[in-house]
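Biologist: I'd like to learn how to read a few features of a model. Could you take me through them one at a time?

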Amino acid sequence: MQARKKYVLLGLCACCWLVLFYWGGGVQLRLLRLLTRQRGEVVRPWPNWTDRAFLPRYAHLAELQTDPGSAESPRQRRQAWSAIYKDSRCRMETCFDFSRCRRRGREGFRVYIYPSEKNDHVSESYRKILASIGESRYYTSDPREACLFVLGIDTLDRDQLSGQFVPSMDERIRGFPLWNDGRNHLIFNLYSGTWPNYTEDLGFNIGQAILAKASLNTEHFRPGFDISIPLFSKDHPQKGGERGWLVRNTIPPRRKYLLMFKGKRYLTGIGSDTRNALHHIHNGKDIVSLTTCRHGKDWEKHKDARCDHDNLEYERFDYQELLHNSTFCLVPRGRRLGSFRFLESLQAACIPVLLSNGWELPFSDIIQWNQAVIEGDERLLLQVPSTVRAVRNERVLALRQRTQMLWEAYFSSVDKIVLTTLEIIKDRVFAHISRNKYMWNSLPGGLLVLPEYSTHLAHFPFYYLGLGVSPGQEFTAVIQAVSPLVSQSQPIMKLLQVVSKSKYCSQIIILWNSEKPPPSRSKWPPMPVPLTVTDGRRKTTSRFLPQVAIETEAVLSLDEDTVLLTSEVNFAFLVWRSFPERIVGYPPRSHFWDPLKRAWGYTSKWTNDYSIVLTGAAFYHRYYHYLFSHYLPQSLRTLVDRTSNCEDILMNFLVAAVTHLPPIKVAQRKQYKELPSPQGTKSVPWANPEHFNQRQECVNAFANWFGYMPLVHSQFRLDPVLFKDQVSVLRKKYKDLERA
């Protein structure tokens, strides 16, 4: 027992001695350093892992050398940044005036663009940005209504050596009466700094303005205030943009090449460290990493011993072929942190492998980038091949699918980049009705999910499947009435009886759009469901207004002269419950490309192919009423109201743009054609000879606004019973459909 006590005591003494040595020694070392500094002696610190003497010799010493003037410590960079941007600690709560946006409630988010001055030169990219804002639903020409302000001066390229550089910015912006030290201003920028350091200096004091910038460094990024945007070229499309490539190359998930890069090699200066070392992972087989010195005017003056060999190898491979056939794409930093390769890889479904330390990724506030990219470390380049080889096939496919979702939702056009920027700011201003991360990171993307409608996932049709939610079991019928009620034998009376007999019908709303006032309630027949007559205000688009009276998820849109059976209504509703995000209905139409006219055409010919289901007899989710009225621009709705035509086509465009899917055609006992009636007949809209011409023009006007043709062709049709079969009529659920 006594021996055990001795050992315990000795152990405690040893511990105390170690503690005293550690703390005492630390104090002594610090005192020693202080004394040696006072005597002017230089004390060498412990070797840093970045010291070249301790680096494994994976690269030649010359490859790791940079210009002496380009090396800056983090402290120096922070000091330079704080000197340029005195409001580096800005947040929405401290540097943004919320009252300007909330004066008119949720409709108060308006954006004003400063008028450009006479001699100002605006680059093509900035012109696209201003056009996107000007055509958006947020634009206002009255600065008194504005929540956010955007400069008319081009701020995209702030490289002093660039021809797009605008001088004397500080002097000019201080002269603007609305500037107010940048408060509630949004500044777009793609390029900052200049040779050799390429700092984040914009060359003017942005004050309290929000900075939407490409190649943003995390050290300078003001979280919840600034917005990182992608670097895009002047050729990036204004609207629409090409779709991603995954639809053409889905299986197998891996491609011919495992990893690829083809681009410039910088011999000196910032960014040269990483690019100079890329040749070490090139094997010419499944990993192709190619660089060239052949760029710039004086490249031959600075070329090294590797340049000629690299240039020859560079020409052996085609960039587009590599992009189409690679699983992973290396995206190393350039002179700045961002690169055009980033967007190119996203579109190509080539999983980006990022080598750009400190880069705040585009729209990092909302996008979960770990589901779409692999973030590497510039200092660990040689680990990249083994890292990507270890990614399993299931993850490869998931990553590639997410690249396509993000590309099409936020990056395929300048319009989407700009609108995403505005929507992020709007979510900050109205945080109580903002989108959550799931909405931003799942189809159809945050731009098509309006939180003013709802912030609950279960209220949107495209989330039902993922949530395991089924749509409601009732529908609301909305009947468009344009003819005055003069007889009880009119088609609308029979239609009311047919629809009200459906066991799924919850209520009927008659949208009165006639020039004569609606008749009294006593003129309408008694029905087993509630009947409401609403003023359509003589607007064609009023049939798609988000009526408060519509309480069901499903809407059955009907023209007053539609001929249907109750069994047909029931069948179409059950089909819609299986496809709640789509339009499901009866009358099909189609679009086509006319190569002679170089324009889109519209046809009502009966073929196996269709891309439109007319809303004169169709089911869809009530959310599309809200999206139609609040997402689409006033110009398109005005076109529909002016011509009293095309609202059904516009709704099909909208739903197709959301889903990227065609509508669903269900079989009908009696078909009808949308053809011109004999002369003298004016009872139907298509009796007008201009009806089809207007619809042709509408298709092209809509495609022009969307920037592409969203309509999708299909031959898929659903028939309830295959009418003329040998099964007993008594056993058939939809037996009335056989009575032709």
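Modeller: We'll go from the whole chain to a helix, a strand residue and a cavity.

Modeller: First, this is a predicted model, where local features need pLDDT of at least 70 and side-chain atom pairs count only at pLDDT 80 or more, while totals for chains, interfaces and linings use all residues. Residues are numbered from 1 along each chain as its sequence is written, and side-chain values use heavy atoms, with hydrogens and water left out.

Biologist: How many helices and strands does the chain have?

Modeller: Helices (H or I, at least four residues) and strands (E, at least two) are DSSP runs, numbered from the N terminus. Here there are 22 helices and 21 strands.

Biologist: And what share of the residues counts as buried?

Modeller: Buried means under 20% relative accessible area, exposed over 50%, partly exposed in between (1.4 Å probe, protein chains only). In this chain of 740 residues, 52% are buried.

Biologist: What does α5 pack against?

Modeller: Think in contacts, meaning heavy atoms within 4.5 Å. Helix α5 covers residues 124–134, and its buried residues include Tyr126, Ile129 and Leu130. The buried residues of α5 pack against β1 (111–113), β2 (148–150), β3 (185–189) and α14 (414–429).

Biologist: Why call α14 largely enclosed?

Modeller: Because 16 of its 16 residues are buried. As for length, the expected span of a helix is 1.5 Å times one less than its number of residues. For α14 that gives 22 Å, and its end C-alpha atoms are 23 Å apart, which agrees.

Biologist: Where is Val331, and is it buried or exposed?

Modeller: Val331 sits in strand β8 (residues 326–332), and it counts as buried because its relative accessibility is 2%. Leaving out residues up to four places away in sequence, Val331 touches several residues, among them Phe342, Pro352 and Leu355.

Biologist: How do I read empty space inside?

Modeller: Rolling a probe the size of a water molecule over the atoms shows where empty space is left. On a 1 Å grid over the protein atoms alone, a cavity is a set of points where a 1.4 Å probe fits but cannot get out; lining residues have an atom within 4 Å of a point. Grid points are joined across faces, edges and corners, and a volume is the space filled by probe spheres set on the points. The search finds three cavities of 30 Å³ or more, and the largest has a volume of about 430 Å³.

Biologist: Which residues lie nearest the centre of the largest cavity?

Modeller: Asp415, Lys416, Leu447, Leu448 and Tyr631, out of 28 lining residues.

Definitions and conventions. 1 Å grid on protein atoms, 1.4 Å probe; cavity = no way out; pocket = protein on both sides within 12 Å on 5 of 7 lines; lining within 4 Å.
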